[in-house]
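User: Please look closely at how the helices and sheets are packed in this model, and explain the terms and cut-offs as you go.

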Amino acid sequence: MADKYTQFVSHGIGKDLAKRLGLPQPARLRRYAPGLPLVPGPVLVLGTGRMDANGADELASELAAWGLDVRRNALPKEKLGAIILVLDDVGHPDDLAKPVLTAAQSLRDLAPSARVVTVSRTPDSAGLPAVAAARQAVDGLLRSLAKELRAGATANGILLANGVGAVRLSALGALRFFLSGRSAFVDGQLLTVAKDAGQLPPDPDRPLAGKVAVVTGAARGIGAAIARTLYRDGARLVVVDIPAAGDHLAQVANEVHGTALQVDITAEDAGRRIIDHALERHGGLDILVHNAGITRDKLLANMDENRWNAVIGVNIAAQLRINEAVLASNPHGLSPRIVSVASTSGIAGNRGQTNYAASKGGVIGMVRATAPLLAERGGSINAVAPGFIETEMTARIPFATREVARRLNSLQQGGRPDDVAEAIAFLASDAAGGISGEVLRVCGQNLVGA
Amino acid sequence: MPAEEQSASAPQQTSGGHQPMRRAVVVGGNRIPFARTGGAYTKSSNQDMLTAALDGLIARFGLQDERIGEVAAGAVLKHSRDFNLTREAVLGSALSAETPAYDLQQACATGLETVLGLANKIKLGQIDSAIAGGVDSASDAPIAVSEGLREILLDLNRSKTLPERLKVLARLRPKDLAPDAPNTGEPRTGLSMGEHQALTTAQWEIAREAQDELAYNSHHNLAAAYERGFFDDLITPYRGLNRDSNLRPDTSMEKLASLKPVFGKGLGTEATMTAGNSTPLTDGASTVLLGTEEWADARRLPKLAVVVDGEAAAVDFVHGKDGLLMAPVFATPRLLERNGLSFEDIDFFEIHEAFAGTVLSTLAAWEDDEFCRTRLGLGGALGKIDRAKLNVNGSSLAAGHPFAATGGRIVASLAKLLHDRGPVDGRPARGLISICAAGGQGVVAILEAYTAPEGR
């Protein structure tokens, strides 16, 4: 359900008025549902055209094998579902002109909620200054293009580490996510694929089939949406929340055919209890989503010990302790894909949220440092940083503040809990196997903290 | 369920042609917090509460769309529209709609009796799984029209012509309009349950302080159990309530001593029964999940305890031979004897606290040489219970007592307690449940911590 402003400017007088006054006209975003086409039209694949490069060719034939309608040259006036810029072989900023300007000619032909995806290499792995310059240039290009696109279209980039090929499975998993409606509210982001690991699922509509997933804070809001999304994708769920939220938790558990575990994650033995429950009742623990979080907002000058400690305790200390229990579970050899919910507040800061931003910054630090520990045993850990998401919590923000907050991004609207859940489901899937230690923002390219 | 699972859990024939009895295992339980009448659940019906308790159980054990062998539950205060209360609750729950259900009613023993009846069906091989339960609302109690008005309304329905109808209506008197509310009075004596217990309390000369102490322990034991998270996997909150609303963690002997007696004020002896050492009217619901070992294993479910045996008894309270709530005194020695057990073999005693006086009169009777010889036909006193083993996580004085829901509360809590205790002196930990009921009835049962059979 779109917000009231979006409804107003989508039809009749409202639409006309918004156009004349130059007001934001948020689009209805294309979101994923099983069975829908991956993209809303043909896919244009453009490369640098360098003689020694064939990344674009390889990718084009791979996408054709997915059953997509792939173009190497745009047809006049044909609406495109996506443009993929394969820039993994740029050696000098001069190399960008041809593919970028070719793409430029097709931007007006993008269908609503179309996608632009760049595939390039991480700048820090470049030896030569010219190569690094070209690779870093893609970053600026991508983020600016994302701000120019309209009608629900987004631009995101895949960064390949050394040794990772553009058509390797890990990169393809990320590409599939960015093309699909699962990434509706992800915009202007670059995601690094560090390793050749991971695999595409046999059934793209049930990528988590057979996986056992634990979601904390699942009784309501984003946590409940994560549980539903993981269930839709085929996972068996353990939903966790504090005992006091048990009635809502039970409803979610029954909806997603999972089991409810009432436990306070700040308890000393919470990790043990969660692991035991998953192993004893479901025979495994493949996915762990640290979603539980609280806010106790106050300006730092007015902050008291309880507010500070409660937020740190739930939002980061509990995650650390549970991860330690997972890492210590050697006999079971647990190697889950862990996804933590961070926040754009933890990246850009937010007035009145020193405690919250500290905890969410902590989550990002934890994720980066835990990735190598899990890599040894084949697991992964990533964070998702939501921006303005339409939840019960944000619905309590005063009207004017809320209205400004939800427009301050490239998509000119708030995201939905489902959008956060989709990003988490992707990072929890085997298709994201080569991605670890990353922070993926689900914020519609929020104008602050980009 | 696949066919091979069905046959695997069916009773196996032995060479002698006898079918070895299967074990009925307590998998776990769920209840909603109990609320004092007129509190959080004032607007909740029995069906609402029982459905909520079922849904919490289903969520805890992942039983969505599962066809359970049978569900049995009941309510003591029951609306006539709730003739199929349990089945309706099942239909409103996340269980398979193909799960059969029946209602049962044995006053306050309802909950325990559903456990025993369903456990017997499991042991006999009739079903592999079951949910036992109970619910009661004193807030949403049925109110009937007066007997006079009821007769008039029925006659009105039968009359065919206008003059006939007017004639029937002319019989209506103002007094007929007064509704008939339920009460806890015994139909044959007219005495309330509290007044009945006051007679027994006086007969056994139970001191006020001893009753207050039992109430004090009940509150403090229950509060401590909450604090250490004992109920995290036994309770699902409901309508904003996370804990039993009757619980007073900060109650003191002084506070309890300051309360005025409410029962037994006209007996000529000192009245000792107060609102503090009697259970209040309460709303709530509880459920217990039972199954065979194979059924639980196939679903990777816990096996906390085994339902060993149960026994019912009744006393002639109408003629004053015994106290209204003293039937468990008679049922317990019979149950122990049948199972070759004595009090020394029991690690936990769960004696329902209808009134502190009930528990203490029961204990006094078992400790009384004369009574045990003459009335129970024993060689001497049945024995003294180690009070450290009595209602260790609190009982009805603190939690409250929604009549039919108390049995399920006790069975689930005791099963977890036994499981946590594990073996005692090389044998499974054992618990005795005793529940008194209106009509001079009582049901008692023995549960044992689950241990895998030899060779498994």
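Analyst: The account below begins with conventions and confidence, then takes the two sheets in turn, and ends with helix pairs and the contact between chains.

Residues are numbered from 1 along each chain as its sequence is written, and chains are lettered from A, with ligands numbered from 1, in the order in which they are written. The model is predicted, and local features are therefore given only at pLDDT of at least 70 and side-chain atom pairs only at pLDDT 80 or more, whereas totals for chains, interfaces and linings use all residues.

The model as a whole scores ipTM 0.88 and pTM 0.90. For chain B the average pLDDT (the predictor's confidence in each residue, from 0 to 100) is 92, and 94% of its residues score at least 70. Residues 1-17 of chain B stay under 50 in pLDDT, and the model has 15 contacts beyond four places in sequence for this stretch; two residues are in contact if their C-beta atoms, placed from the backbone, lie within 7 Å.

In chain A, an open sheet is formed by six strands in the order S2-S1-S3-S4-S5-S6, and their pairing is parallel. Strands (E, at least two residues) and helices (H or I, at least four) are DSSP runs numbered from the N terminus, and two strands pair if DSSP finds at least two bridges between them. At the edges of this sheet lie strand S2 (70-71) and strand S6 (190-193) of chain A, each of which pairs on one side only. Strand S1 (residues 43-47) of chain A runs parallel to S2(A) and is joined to it by two bridges, and within this pair Val43(A) stands opposite Val70(A) of S2(A). Helix H3 (residues 55-65) of chain A packs on the sheet, where it touches S1, S2 and strand S3 (80-86) of chain A, and its direction makes about 160° with that of S1(A). For such angles, axes are lines fitted to C-alpha atoms, for helices over the stretch in contact, and values run from 0 to 180 degrees between N-to-C directions.

A further open sheet in chain A has seven strands with parallel pairing, in the order S9-S8-S7-S10-S11-S12-S13. Its edge strands, each pairing on one side only, are strand S9 (259-262) and strand S13 (439-442) of chain A, and neighbouring strands of this sheet are turned against each other by 20° on average, direction ignored. Strand S10 (residues 287-290) and strand S11 (residues 337-341) of chain A run parallel and are joined by four bridges, with His290(A) standing opposite Ser340(A) in S11(A). H9(A) packs on the sheet and touches strand S7 (212-216), strand S8 (236-241) and S9 of chain A, its direction making about 150° with that of S8(A). Helix H12 (residues 354-375) of chain A lies across S11, strand S12 (380-386) and S13 of chain A, and runs at about 160° to S12(A).

Helix H9 (residues 270-282) of chain A also packs against helix H10 (residues 305-327) of chain A, at an angle of about 50° and with the axes 8 Å apart. H9(A) and H10(A) are therefore oblique to each other (angles under 35 degrees count as roughly parallel, over 145 as roughly antiparallel, 65 to 115 as roughly perpendicular and the rest as oblique). Their crossing is right-handed, meaning that the near helix is turned clockwise from the far one by less than a right angle, whereas anticlockwise would be left-handed. Among the residues making the contact are Ile274(A) and Ile275(A) of H9(A) and Ile322(A) and Val326(A) of H10(A). By class, the contact of H9(A) with H10(A) divides into seven nonpolar, one polar and three charged residues; Ala, Val, Leu, Ile, Met, Phe, Trp, Tyr, Cys and Pro count as nonpolar, Asp, Glu, Lys and Arg as charged, and the others, Gly among them, as polar.

In chain B, helix H7 (residues 193-203) and helix H12 (residues 356-367) cross at roughly 40°, their axes coming within 9 Å, and H7(B) passes H12(B) in a left-handed crossing. Here Gln197(B), Thr200(B) and Thr201(B) of H7(B) meet Gly357(B), Thr358(B) and Ser361(B) of H12(B), a contact with six polar residues, no nonpolar ones and no charged ones.

Finally, the contact between the chains takes 17 residues from chain A and 16 residues from chain B, and the side of chain B that touches chain A divides into six nonpolar, five polar and five charged residues.
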